[in-house]
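Visitor: I'd like to learn how to read a structure like this one. Could you walk me through it, idea by idea?

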Amino acid sequence: MQLDSKIPEGPLSEKWKKYKSTVPLVAPNNKRRIEVIVVGTGLAGASAAATLGELGYKVKAFTFHDSPRRAHSIAAQGGINAAKNYQNDGDSVYRLFYDTIKGGDYRAREANVYRLAEVSTQIIDQCVAQGVPFAREYGGLLENMSFGGVQVSRTFYAKGQTGQQLLIGAYQALSRQISTGAVKMYNRHEMMDLVVVDGKARGIIARNLLTGELERHSAHCVLLATGGYGNVFYLSTNAMGSNVSAAWRATRRGALMANPCFTQIHPTCIPQSGDYQSKLTLMSESLRNDGRVWVPKNLEDAKAIREGKKTALDIKEEDRDYYLERRYPAFGNLVPRDVASRAAKVECDKGLGVSPTGLAVFLDFSSAIERYGKAEANTQGLTNASPEEIKAMGTKVVEDKYGNLFEMYEKIAGENPYIYPMKIYPAVHYTMGGLWVDYNLETNIPGLFALGEANFSDHGANRLGASALMQGLADGYFVAPYTIGQFLANEIRTGEINTQSAAFEEAEKQTKSRIDRLMNVKGNQSVESFHRRLGKIMWDLCGMSRNAEGLKEGRRLIRELREEFYKDVFVPGNADDFNPELEKAYRVADFLELGELMMIDAYERNESCGGHFREEYQTPEGEAQRDDENYTYVAAWKWDDNEPQLTKEPLVFENVKLIQRSYK
Amino acid sequence: MSDMKLTVKVWRQKNAKTPGKFETYKVNANEHMSFLEMMDVLNEQLVHDKKEPVAFEHDCREGICGACSMVIDGQPHGPLQATTTCQLHMRHFKDGDTITVEPFRAKAFPVVKDLVVDRSAFDRIIQSGGYISVNTGQAVDGNSIPVEKDVAVKAFDAATCIGCGACVAACPNGSAMLFTSAKISHLGLLPQGEIEHKHRTLKMVAQMDKEGFGYCTNIGACSAECPKEISLENIARMNRSFINASLTTDK
């Protein structure tokens with residue numbers, strides 16, 4: 001199979017401009033007759049559905065949630081990047097583009113990433129106009145902060161709840177279109193299969209989660225904005241409902257899954273506390289702006305802390321190892337996520353971990369509290385403030401900046417982070433891999449588009465902080481509404497798509513038999529227990545570091561687990577009813593296939609890049625060692641139960657020189 | 001890590017048409033678990049015994065999506081202030097406790113199953129006017145609309161509402177005034193949203209009434225139980241706006 005990325009000709013900075021002014025359009029009278037299905041209503045889906053509704057298309061939007069406002073985009077804390085250069089610190093579209101390509105360890109497409117950087121500025125304008133309450137300076141203008149992996153302040157934020165505010169903005173825009181009838185909203189409906197008619201994506205089979213009824217929905221094209229698949233690891237920062245099923249069903253219908261092994265392990269999460277846990281909680285990366293990461297220098301101190309005989313406060317300054325500052329003086333605590341995560345693992349592997357499980361490092365705010373306190377004392381003209389007063393003033397500043405995050409930490413960990421440093425450990429957070437798409441965000445199935453985290457396109461092998469929100473909204477508001485014109489301009493004579501065709505019939509029948517199969521196993525083990533076991537295999541063998549042997553073993557273990565699943569899973573209740581256990585069951589069934597593909601993809605990529613760290617390929621200092629000569633490509637996989645097939649899309653870099661990524 | 005032996009009384013109801021009742025279960029938990037993790041343990045137990053697990057809504061488990069929605073010992077989201085059920089941890093309970101768990105109860109929130117209720121009325125209130133009418137691509141530069149910091153903070157505080165419905169469940173009248181007023185305040189305080197403010201207020205209040213939510217009698221339970229501590233000030237602001245809009249609008 002040949003993959004055509006359909007990147008427009010011309011210089012990098014002109015491609016999108018030219019594309020926009022030459023892409024075929026659909027006239028307003030025809031838009032009214034063209035139907036579009038949008039699956040998923042997070043940032044990418046809600047913004048796309050709203051925008052397409054505004055443009056005049058007939059949109060049907062689907063979410064498995066009870067309301068579009070619950071999508072997992074809502075949990076993003078930190079912020080959203082945009083190349084506004086409001087801070088006059090040398091930012092530009094090119095710099096955002098460059099940072100993103102470099103941050104992704106040179107495994108993303110130049111043209112897509114440049115377009116993302118280009119539209120980033122429009123996103124901020126759009127969100128402000130919608131009433132998103134971004135943080136402001138005293139002069140009334142928008143405030144920025146810096147984030148990991150960059151040296152400028154280009155991140156816009158709304159306290160620690162940026163995702164929530166952006167999603168509510170998109171949800172409100174969507175609600176407005178629902179009220180006019182431009183968008184028909186299907187809450188509590190889950191996509192069970194993609195329907196392909198004569199080679200084109202023409203609809204979906206959806207399950208009404210309240211009644212269990214299977215429904216056929218047709219359209220001229222289908223947009224998947226269904227998020228990432230981090231929950232294949234069972235424990236992740238993803239919401240409990242986040243799943244791969246929509247994208248995986250598309251894969252089973254012939255769409256290609258690209259770079260599935262590129263997973264982001266986020267460095268600052270609250271460590272696991274017990275086996276009953278099913279969900280990990282992120283502490284925003286923005287905390288690394290002011291928090292310093294450290295472990296004790298001595299093994300004895302670490303042991304004493306683990307056993308509860310000492311606390312962080314007992315460790316003298318000279319006995320602390322601020323290992324990120326030591327190893328990466330140029331970026332310090334603000335190195336990208338993949339680098340910070342691996343460094344934490346290295347320290348804990350040495351036995352320097354500081355939680356009872358040995359899997360945690362400190363994130364300490366005492367320096368920041370002192371620094372802010374002194375600045376505040378200066379501003380107030382207090383020349384002889386006592387250390388306690390300075391601390392109190394500094395604490396107040398930190399509270400204003402990160403109050404809700406500190407509160408959340410205290411609720412979960414039961415320890416006051418203003419006094420004791422936070423304990424953090426890396427956890428699965430985001431998946432850079434996803435459905436293969438071309439420049440139009442169209443998959444290899446004509447008429448099937450993938451937006452946001454569901455596609456693979458912009459983050460290469462590692463995503464920089466505050467760029468997931470940017471990509472979701474870029475795809476939904478500003479990219480897909482243009483690029484689907486390319487496909488739909490040829491559909492104006494097609495007429496309504498009939499849901500009684502053989503393809504719909506067949507897809508519905510297959511869905512029903514899939515559900516029946518799961519209900520009829522009537523085994524002895526819960527869905528949850530299988531998911532937990534899958535997660536452990538993934539984390540141990542396809543997690544923060546991987547090797548060929550482990551990946552081979554992992555693939556074997558997953559195949560065995562899958563077999564056991566279909567022999568011994570127990571799904572209670574009925575299929576024609578509201579049945580959350582059944583929902584879990586068919587999602588886990590899909591994870592059991594995706595997990596195998598991730599093992600295969602990681603095994604095949606004989607290099608280390610970004611979040612994909614193969615132990616066999618590292619520099620003498622333990623950094624990721626890329627192999628540009630052999631692996632500068634996108635690995636796009638066609639699923640097959642026995643031997644998935646790989647198609648390579650070579651990545652061509654015309655503007656950026658590939659160098660060893662260094663943050664030292 | 002200290003273990004806790006709990007008795008949990010859970011409301012079980014097949015659907016809106018079938019009457020529900022309390023069932024009593026024994027659960028072994030520990031103090032580090034979140035409340036929902038304790039419910040997971042219970043469900044795992046039920047599945048193990050080939051029984052149907054308790055249906056409850058949850059998703060992000062970080063206190064932000066607004067999905068979780070139980071009434072615990074008579075209080076929406078349980079005993080801890082400014083905390084959603086998913087962020088409530090068992091260290092706030094004692095070994096041997098009996099805990100009662102019910103769905104949010106309100107006329108406008110019919111029960112779907114067990115602890116799950118239908119909160120789509122909130123979506124319809126937003127659809128009636130809870131937005132700023134701006135199409136994609138029409139916006140001016142973000143910094144061309146300066147907003148005074150204090151105003152931005154107030155708008156933000158109102159906008160932190162997670163749409164969970166605890167305010168309705170807490171209110172003896174089943175009123176949605178806190179939810180509706182938070183949205184009206186969030187948008188109305190900002191210069192971008194001020195233009196449609198009157199019209200928005202009238203439409204959203206009308207929809208709220210149509211959905212069957214009760215009236216506000218200034219009890220304040222809504223704000224006390226709100227996991228995001230949305231202030232009663234918003235209701236006062238909405239009432240003023242409503243009167244003003246009713247008297248002065250020419251629509």
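Guide: Let's start with vocabulary: helices (H or I, at least four residues) and strands (E, at least two) are DSSP runs, numbered from the N terminus. This is a predicted model, so local features need pLDDT of at least 70 and side-chain atom pairs count only at pLDDT 80 or more, while totals for chains, interfaces and linings use all residues. Residues are numbered from 1 along each chain as its sequence is written, chains are lettered from A and ligands numbered from 1 in the order in which they are written, and side-chain values use heavy atoms, with hydrogens and water left out.

Visitor: Where does Ile419(A) sit?

Guide: Look in the loop between helix 12 (387-413) and strand 16 (422-431) of chain A. Buried means under 20% relative accessible area, exposed over 50%, and partly exposed in between (1.4 Å probe, protein chains only). Ile419(A) has 48% relative accessibility, so it counts as partly exposed.

Visitor: Which residues make the nonpolar surface patch with Ile419(A)?

Guide: Patches are made of residues with over 30% relative accessible area and no salt bridge; like charges are joined within 9 Å, and nonpolar side chains (Val, Leu, Ile, Met, Phe, Trp, Tyr) within 5 Å. A salt bridge here is a side-chain nitrogen of Lys or Arg within 4 Å of a carboxyl oxygen of Asp or Glu. Areas come from the Shrake-Rupley method with a 1.4 Å probe; for residues, only the protein chains shown count as cover. In this patch, Ile419(A) is joined by Leu313(A) and Tyr420(A), and the nonpolar surface comes to about 270 Å².

Visitor: On to sheets. In what order do strands 7, 8 and 9 of chain A lie?

Guide: The general idea is that strands of a sheet pair through backbone hydrogen bonds, either parallel or antiparallel. The cut-off is that two strands pair if DSSP finds at least two bridges between them. Here the order is 7-8-9, an open sheet of three strands with antiparallel pairing. Strand 7 (189-197) and strand 9 (214-218) of chain A stand at the edges with a single partner strand each, so one side of each has no neighbour in the sheet. From one strand to the next, the twist averages 25 degrees; axes are lines fitted to C-alpha atoms, for helices over the stretch in contact, and angles run from 0 to 180 degrees between N-to-C directions.

Visitor: How many bridges pair strand 7 of chain A with strand 8 of chain A?

Guide: Eight, with strand 8 covering residues 200-208. To get your bearings, find Met191(A), which faces Ala206(A) in strand 8 of chain A.

Visitor: What lies across strand 21 of chain A?

Guide: Start with its sheet: four strands of chain A in the order 17-11-21-22, open and antiparallel. Strand 17 (434-435) and strand 22 (645-650) of chain A are the edges, each pairing on one side only. Six bridges link strand 21 (residues 633-638) of chain A to strand 22 of chain A, and Tyr633(A) is opposite Pro650(A). Helix 17 (residues 580-604) of chain A lies across strand 11 (257-258), strand 21 and strand 22 of chain A, at about 145 degrees to strand 21 of chain A. Contact means heavy atoms within 4.5 Å.

Visitor: What should I look for in phi?

Guide: Most residues other than glycine have a negative phi, and most peptide bonds are trans. Lys159(A) has a positive phi, near 45 degrees, and lies in the loop between strand 5 (153-156) and helix 6 (162-180) of chain A. Leu441(A) also has a positive phi, about 65 degrees, in the loop between strand 17 and strand 18 (448-450) of chain A.

Visitor: Is Leu441(A) buried or exposed?

Guide: Buried, at a relative accessible area of 0%. Lys159(A), at 38%, is partly exposed.

Visitor: And chain B: how many helices and strands are there?

Guide: Nine helices and seven strands. Of the 251 residues of chain B, 60% count as buried. Seven of the ten residues of strand 1 (residues 3-12) of chain B are buried, so this strand is largely enclosed by the rest of the structure.

Visitor: Which strands pair with strand 1 of chain B?

Guide: Strand 2 (residues 21-30) of chain B pairs with it in the antiparallel sense over ten bridges, with Trp11(B) partnered by Phe22(B). Strand 5 (residues 98-103) of chain B pairs with strand 1 of chain B in the parallel sense over four bridges, and there Lys9(B) has Thr100(B) as its bridge partner.
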